[in-house]
Amino acid sequence: MLRRKPTRLELKLDDIEEFESVRKELESRRKQRDEAEAAAGGEEAAAIGALGTEHKSREQLINERIGYKAQPKAGGRTAHFGTFEF
């Protein structure tokens, strides 16, 4: 394998200005999206409150999304030790 000298990258003033303009544009888009989501979230919360449905936990939402239905575990000692009881 041949070794070569490291490449030098130079940052110019035009590059910095372009970066700043792109960053500001992305931030403004993000703010608009967040404001729209907040407005929509407020409307959803009002609709949910009006319907009287319960608030689901994050775990329940994920389980519904992936189609997982939790089965209750068999309880008691007999389930673990067969027919032996202590």
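## A nonpolar surface patch

Ile16 is partly exposed, with a relative accessibility of 39%. This residue belongs to helix α1. In this predicted model, Ile16 joins Leu11 and Leu13 in a nonpolar patch on the surface. Together, the three residues of this patch present about 330 Å² of accessible area.

## A negative surface patch

A patch of negative charge also occurs on the surface, and its members are Asp14, Asp15, Glu17 and Glu18. One of them, Asp14, is located in helix α1. Asp14 has a relative accessible area of 57% and is therefore classed as exposed, since the cut-off for this class is over 50%. Ile16, at 39%, counts as partly exposed instead.

## Salt bridges in helix α1

The structure contains 3 salt bridges. In one of them, Arg23 is paired with Glu20, and the closest N and O atoms are 2.6 Å apart. Both residues are part of helix α1, which covers residues 13-51. Arg23 and Glu20 are 3 residues apart, or about one turn of the helix. Arg23 is partly exposed, with a relative accessible area of 34%, and Glu20 is likewise partly exposed, with a value of 27%.

Arg23 also meets the side chain of Glu27 in a salt bridge, with an N to O distance of 3.2 Å. Glu27 and Arg23 are separated by about one helical turn, because they stand 4 residues apart in helix α1. The relative accessibility of Glu27 is 32%, so this residue counts as partly exposed.

A further salt bridge links Arg29 with Glu25, and here the closest N and O atoms are 2.6 Å apart. Arg29 and Glu25 are 4 residues apart in helix α1, so about one helical turn lies between them. Glu25 is partly exposed, at a relative accessible area of 39%. Shared partners join some of these contacts: Glu20, Arg23 and Glu27 form one network of salt bridges.

## The chain as a whole

The secondary structure of the protein chain consists of 3 helices and 0 strands. Read from the N terminus, the order of the elements is α-α-α. Helix α1 spans residues 13-51, helix α2 spans residues 58-66, and helix α3 spans residues 77-81.

The protein chain has 86 residues, and buried residues make up 1% of them. The area that the chain exposes is about 9,200 Å². Carbon and sulfur atoms supply 55% of this exposed area.

## Confidence in the prediction

The average pLDDT of the protein chain is 78. A score of at least 70 is reached by 67% of the residues. Among the elements of the chain, helix α2 has the highest mean pLDDT, at 87. Helix α3 has the lowest, with a mean of 55. Where pLDDT is low, predicted coordinates should not be interpreted in detail.

Note on methods: Residues numbered from 1 in each chain as written. Predicted model: local features only at pLDDT ≥ 70, side-chain atom pairs only at ≥ 80, totals over all residues. Heavy atoms only, no water. Salt bridge = Lys/Arg side-chain N within 4 Å of Asp/Glu carboxyl O. Helix = DSSP H or I, 4+ residues; strand = E, 2+ residues; numbered from the N terminus. Buried < 20%, exposed > 50% of the residue type's maximum accessible area, 1.4 Å probe, protein only. Areas by Shrake-Rupley, 256 points an atom, 1.4 Å probe, with all protein chains shown as cover. Patch = residues over 30% accessible without salt bridge, like charges linked within 9 Å, V, L, I, M, F, W, Y side chains within 5 Å. Lys, Arg positive; Asp, Glu negative; His and termini not counted. Charge placed at Lys NZ, Arg CZ, Asp CG, Glu CD. pLDDT = per-residue confidence, 0-100.
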